[in-house]
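User: Please take a close look at one part of this model: how its helices meet, and which charged side chains pair up. Give the cut-offs as you go.

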Amino acid sequence: LYISKSCFTKRIQPIVKMTLSDCFALFVKFFFLLTPPFVMSAFLSVTKDNTIQERNTLAIWITLWILIISGVLLFFGGFIFKIFGITLDAFRIGTGALLFLTAVSLVRGDSIRVPSGDSVQSLAVVPMAIPITLGPASIGVLMVYGGEIKTGLGFFLAYLSISAAVICVGALLLVSNYIQKAIGKNGLVVLSKLTGLILAALSAQMIFEGADAFLLQTLEKLK
């Protein structure tokens, strides 16, 4: 079997300049990575015995914590790569694999498990912010973007796009009770499965890009 070297000549380059289309693409990708239907299902499960005011307070705290954690992971992603000596391509493949497992979990409709006996406010960080909303896959994507971006403006625009996605999810949590009444529990299940299919495609793309860059580097060493 002969594989042409031209199949792997497209090497992934660091992000030096982000355009408006790049920002919008990042916003859409990260919005789906946060798996809004899954998060809403978990949120409704956790707050089923709470008042509307308590639900809104929890939704705000979850959003704030996700914004903080996302910013830290994005800005220090490249630094973490240097400390542990991890290549961006290897991390991209690993993140794609984790994202695929998340997608499979959503498509299968696995049940949501949350600790019992805790106050609602104590659940804002764990498990609602991490790992239900920001799971291993979305954390990996944040670190990958952090390693790719090379300019201060790029970091600002990327964080702006990510923040917009997080705020949209937070807004959905605020109105999740009304959404559930409108589409029903079965509607949320269907949306979760559709989200899983989209995440499966994104995970395949990440794995292909990481493998493509790895094979290109291997061919260059064989020259």
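**Helix crossing and salt-bridge network**

Analyst: Helix α2 passes helix α7 in a right-handed crossing (the near helix is turned clockwise from the far one by less than a right angle; anticlockwise would be left-handed). This is a predicted model, in which local features need pLDDT of at least 70 and side-chain atom pairs pLDDT 80 or more, while totals for chains, interfaces and linings use all residues. Residues are numbered from 1 along each chain as its sequence is written, and side-chain values use heavy atoms, leaving out hydrogens and water.

Helix α2 covers residues 36–46 and helix α7 residues 152–174 (helices are DSSP runs of H or I, at least four residues, numbered from the N terminus). Their axes are 10 Å apart and the packing angle is about 40 degrees (axes are lines fitted to C-alpha atoms over the stretch in contact, with angles from 0 to 180 degrees between N-to-C directions). The two are therefore oblique to each other (not under 35 degrees, over 145, or 65 to 115). On the α2 side the contact is made by P36, V39, M40 and F43, and on the α7 side by V169, L172 and L173 (heavy atoms within 4.5 Å). By class, this contact has seven nonpolar residues, with no polar and no charged ones (Ala, Val, Leu, Ile, Met, Phe, Trp, Tyr, Cys and Pro count as nonpolar, Asp, Glu, Lys and Arg as charged, the others as polar).

The charged pairs come next. The count is three salt bridges (a side-chain nitrogen of Lys or Arg within 4 Å of a carboxyl oxygen of Asp or Glu). In one of them, D89 pairs with R92 at 3.1 Å between the closest N and O atoms. D89 and R92 sit three residues apart in helix α4 (residues 88–108), about one turn of the helix. D89 is buried at 12% relative accessible area, and R92 is buried at 2% (buried is under 20%, exposed over 50%, partly exposed in between, with a 1.4 Å probe and protein chains only).

R92 also meets E148, at 2.2 Å from N to O. That pair links distant parts of the chain, since E148 is in helix α6 (residues 136–148), 56 residues from R92 in α4. E148 is buried too, at 9%.

R92 and E209 form a salt bridge with closest N and O atoms 3.9 Å apart. Because E209 lies in helix α8 (residues 176–221) and R92 in α4, this pair ties together parts 117 residues apart in sequence. E209 is partly exposed, at 31%. Through shared partners, D89, R92, E148 and E209 are joined into one network.
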